[in-house]
Amino acid sequence: MHVEQTLIEAIAAAASEFQNDIEVELEQPAQLIHGDYSTNVAMKLARVARKNPLTIAETIKEKLERRRLPVTAIEVVKPGFINFFIEWDEALADGDEPQALSSSGKTVIEHTSINPNKSAHIGHLRNACIGDTLARLLKACGENVEVHNYVDDLGNQLADTLTALLQTDSDSVATRFGDYCWDVYSRLNEAYDKGTISTSIRDEVLHKLEEGNNSTAWLGYVVADKITSEHIEEMGQFGIDYDLLVWERDIVQRGFWHTAFQKLQQSDVFVKQDSGPQAGCWVLRMSDNENEESSEHQSDKVLVRSNGVLTYTAKDIAYHMWKFGLLNDDFAYKEKWPGLWTTTSSGVPATFGRGDAVINVIDYRQEYPQKVVKQALAAVGYEKEAERLFHVPYGVVSLSKQTANQLGLETEDGKSVYAMSGRKGIGIKISELIQHMKEAVRAQSTDASEATVEALAFAAIRYNMLRYNTTSDIVFDLTEATQVTGNTGIYLIYTYARANSIITKAKQAGLSPEGATFKGAEDAERALLKHLAGWSTVKRKAAASFEPNLICTFAFELASLYNRFYSQCPVLKAEPLEQAKRLAITERVSQQLERVFTILGLPSLKKI
């Protein structure tokens, strides 16, 4: 059993005198002098038992000392903390990490979901990196995970691109269809602003898309499919993949909304407005303070417009009912590429959807529409499903002034952050970012092979998208992201390569960690052992909070601790007993970094 689980179970048993089923929390003190683990359970019990927490802590300590635990000492300190000093030889005998428990349910994660109207930019990449890492993290925790990529091929954005292709041209040289569409899309919006092209043309194209089975609709399907394929190929370079593509047109054509509409009509909160600006619209009432809500939020609640046209939110509600298996209907499916399936108008049955939990990675500006979907599920009696629908919001990605200059954008004095705008054609395509990142890596790592440069470039980009709290906005800076020191993906990979270089040299010299003992470990060694032991807690917290940045923080601290250990504690030149111990620690660090890299989607380069 893992050391944390062993301690938690022992503490809970010892505390049962005061309260059964007490939730025991362990933390790792910042300073080694306070132990390897600590608990505040005595202070929590003091409120229930109405006793001094120090007295309770001493009682628990006495009971724990009668048990065989992997500790060298247990101490009580004011105002009631119980600190544990670990016997690492015994604690690590059963392995560094508890076995993941397999889940009988399924978690459906939707991420990326880019409008299929032009090439993807780095904001889209942040979405995909977060979603893919969450999927990897939950799988590492034993969850059954299914990844969806939703394609809105009936929306305004695709209608704009179709209008642009039919009404404008671009003289810019493009090597990909999405890049060409990027240019004509921005040209069209310029024409809208100047009044040389009317948005009524776009509205007619949108109507044709929604109507289906006409020349415009078929052209739209071809454009959306081509651009989506480019998106998927681009994300694949970062190790990001999907199980299922869900096309909005298939939701409409399968009549999912009809079933959802009937269910919603049975609730008291789904009504047809008789008067006011929303007269004739079917609306989901969400609060008693609707007059205080913004016009944007008011429009989010409109599910069917007065002309009978469905809003995006209506289709999203139907889609989520399908995700949870609540419609008694299903798509047809076909395999688009090996391992990647897609919904289709005619195909074969498959077992997609029917999730026990649903996670949507969508930017924070979609927080209110996501609430509308939850409210709709609850309104028709699916309270359990509504509680199991989670929105993972993320902040926008902007550019630093230095990076904007490097990428050829116009900059201004006194302005340090530069936002992206697809309408204006301002932004960084993922393909452009990759090329610039490769150049930056080559400049930093002049001796690296081209394969290594490419791997480091993708790692630097991906890690930089993940190391921030998801709701934080990112100001992306090329120079910062490619540093070989500091909190970067490249720093982690260099640390991993350093550890593996030591392991390789040790094997070549016939050295091994056999017989290693961690008794009398120095502070730098003990700090590493302590940090390694905290992995399962970090992984569990990251999965529960949907925060990949916690994994990044753990990895960066591990790399920093190892490099400090490397500078203070010679491995290959140490005395035999010290040598075995330090080699064992090095191997554990290498193995742990591999686990982290698998979750973060970083390459395990043993040599650079």
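How many of the 6 residues of strand 4 are buried? I will start there. Keep in mind that this is a predicted model.

Strand 4 covers residues 81–86, and 5 of its 6 residues are buried, so to speak of a mostly covered strand is fair, with buried meaning under 20% relative accessible area.

Next, the partners of strand 4. Strand 3, residues 71–77, runs antiparallel to strand 4, and 6 bridges join the two. Within that pairing, Val76 stands opposite Ile82. Strand 3 and strand 4 also form a hairpin, with 3 residues between them. Look at Gly80 in that turn: Gly80 has a positive phi of about 155 degrees.

Strand 2, residues 37–39, is also joined to strand 4, here by 3 bridges, and again the sense is antiparallel. Tyr37 has Phe84 of strand 4 as its bridge partner.

As a general reminder, strands of a sheet pair through backbone hydrogen bonds, in either the parallel or the antiparallel sense.

Now to another sheet, further along the chain. This is an open sheet of 3 strands, in the order 16-15-17, and its pairing is mixed. Strand 16, residues 417–418, and strand 17, residues 474–476, are the edge strands, each pairing on one side only.

Strand 15 spans residues 397–400, and its pairing with strand 16 is antiparallel, over 2 bridges. There, Ser400 stands opposite Val417 of strand 16.

Finally, which helix lies across strand 15 and strand 17? That is helix 5, residues 122–140. Helix 5 runs at about 125 degrees to strand 15.

Conventions. Residues numbered from 1 in each chain as written. Predicted model: local features only at pLDDT ≥ 70, side-chain atom pairs only at ≥ 80, totals over all residues. Heavy atoms only, no water. Pairing = 2+ DSSP bridges. Helix = DSSP H or I, 4+ residues; strand = E, 2+ residues; numbered from the N terminus. Contact = heavy atoms within 4.5 Å. Axes fitted to C-alpha atoms, helices over the stretch in contact; angles between N-to-C directions. Buried < 20%, exposed > 50% of the residue type's maximum accessible area, 1.4 Å probe, protein only.
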